[in-house]
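Here are some friendly notes to read alongside the model. They are set out as numbered points, so please take them in any order you like.

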Amino acid sequence: MMHGAGGQAPRAAEREARRRVHELVQLRMAGQIDLLMDYVVEDVELRYNCSKVGIFPVGFWQGQSALREYLRRTDIDYEPLSAEVQDIFVEGDRTAVRWTGRFRRRANGRVYEIDLAHFIRWRKDRVARLDEFIDDHAVSRAAGPLQSFEDMIDPPGPGLSRDEMARRLMALGNFSRSGPDIDLFRRYCAPDVVSEFVGDRNAIFYAGRHRGIEALTNIIGAINIDFEQVGCTTPEMVVDGSGAAARRTVEWRHRGTGLRGLVELADFVRFRNGLIVELVEFRDSVALLQMQG
């Protein structure tokens, strides 16, 4: 059973959820769609939270037959090759997973490396809802901490309570119209924090992996030069051990064009000794570009 408050869920249930997520990813990449359907409820929902980069079908899909059609349409053009799971957070009947997949385009043989994230809602031990984020994989990454499989299965302690982790993550993302609180980032993040902004470097200059609080605050400051945050909601958060993941909707206004838009974001953070040591963010890069006119 996957139900219950996050702190009360038995460790065995959390381990089972992580195991099933790994199996789902492997079944997807192996093209074993019939077996994958055994893991989802009949009325499963798949919701996109980003404008796509043109690699996978867009839209809202409901029901097993619709999910089959989504996978079929994807596989017509793209052959799944391999996958690597980076993070799995489990809290009650909710799971957040971050992974990288490699797909070959059948028309030209080109291989695409894609970063993906899913927020999963379980109904007992089957998937009832998927909120998906997807974007191009940055060409290169700076050296940074890698999450081991052992840490993924049995995460180390964060040095903070569950509620304090959630509060800090909310505070960093929900800044006022006057701009982000840079001092807050300095207080909550480790000096050598590793930050990663998922996306194509050709479209977003700060896409990729960075080390150090100065690099992170410089990026946050640069974003604030271009965009004013008008509003922010956080419809979902999963806190598990030393990690936390939040699904957010922000309204931004481009200061140059005056255009407004809703941008969906997903943040994955890891705490150690009371500080954030890693932050990975997915964002709707297409919506950002549209606001720039």
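1. A word on pairing before we begin: two strands pair if DSSP finds at least two bridges between them. With that in hand, strand β4 (residues 94–105) is joined to β5 by 11 bridges, and the two run antiparallel. Within this pairing, arginine 98 has alanine 117 of β5 as its bridge partner. Please keep in mind throughout that this is a predicted model.

2. Now for the overall inventory. The protein has eight helices and 12 strands. Of its 293 residues, 56% are buried. Taking contacts between residues at least 6 apart in sequence, 59% join residues at least 24 apart.

3. In what order do the six strands of the open sheet come? The order is β2-β1-β6-β5-β4-β3, with mixed pairing. The edges are taken by β2 (61–62) and β3 (78–91); each has a single partner strand, so one side of each is left without a neighbour in the sheet. As general background, strands of a sheet pair through backbone hydrogen bonds, either parallel or antiparallel.

4. Let us walk in from the β2 edge. β1 and β2 pair in the antiparallel sense over two bridges, and glutamate 45 stands opposite glutamine 62 in β2. On to β6: strand β1 (residues 40–48) is joined to β6 by five bridges, and here the strands run parallel. Leucine 46 has leucine 130 of β6 as its bridge partner.

5. At the other edge, β3 and β4 pair in the antiparallel sense over 12 bridges. One position to look at is glutamate 79, whose bridge partner in β4 is arginine 104. The two strands form a hairpin with two residues between them. Do look at the turn, where glycine 92 has a positive phi of about 60 degrees.

6. What lies across β3, β4, β5 and β6? Helix α1 (residues 11–29) does, running at about 170 degrees to β3.

7. The aromatic residues deserve a point of their own. The structure holds nine aromatic pairs. One of them joins phenylalanine 119 and phenylalanine 133: the ring centres are 6.1 Å apart and the planes stand at 65 degrees, so the pair is edge-to-face. Since phenylalanine 119 lies in strand β5 (residues 111–123) and phenylalanine 133 in strand β6 (residues 126–136), this pair ties together parts that are 14 residues apart in sequence. Phenylalanine 119 is buried at 1% relative accessibility, and phenylalanine 133 is buried with a relative accessible area of 0%.

8. Phenylalanine 119 has another aromatic partner: with phenylalanine 268 it forms a tilted pair, 6.0 Å centre to centre and with 45 degrees between the planes. Phenylalanine 268 is in strand β11 (residues 260–272) and phenylalanine 119 in β5, so this pair ties together parts that are 149 residues apart in sequence. Phenylalanine 268 also counts as buried, at 2% relative accessibility. Which residues make up the aromatic cluster? Phe89, Phe119, Phe133, Phe268 and Phe282 form one cluster.

9. There is also a charge over a ring to check. The charged end of arginine 187 sits over the ring of tyrosine 188, 6.0 Å from its centre.

10. How many disulfides are there? The count comes to zero, where a disulfide would be a pair of cysteine sulfur atoms within 2.5 Å. As for individual cysteines, cysteine 189 is buried with a relative accessible area of 3%, and cysteine 232 counts as buried at 18%. The cut-off for buried is under 20% relative accessible area.

11. Finally, a look at the C-terminal helix α8 (residues 285–291), which contains methionine 291. Is methionine 291 buried or exposed? At 3% relative accessibility, methionine 291 counts as buried. Leaving out residues up to four places away in sequence, methionine 291 touches Phe227, Trp252, His254, Thr257, Leu259, Arg260, Gly261 and Val263. The C-alpha atoms of methionine 291 and arginine 253 are separated by 7.5 Å, although these residues are 38 apart along the chain.

Methods:
Residues numbered from 1 in each chain as written. Predicted model: local features only at pLDDT ≥ 70, side-chain atom pairs only at ≥ 80, totals over all residues. Heavy atoms only, no water. Buried < 20%, exposed > 50% of the residue type's maximum accessible area, 1.4 Å probe, protein only. Phe/Tyr/Trp six-rings, centres within 6.5 Å; stacked < 30°, edge-to-face > 60°. Helix = DSSP H or I, 4+ residues; strand = E, 2+ residues; numbered from the N terminus. Lys NZ or Arg CZ within 6 Å of the ring centre and 35° of its normal. Contact = heavy atoms within 4.5 Å. Axes fitted to C-alpha atoms, helices over the stretch in contact; angles between N-to-C directions.
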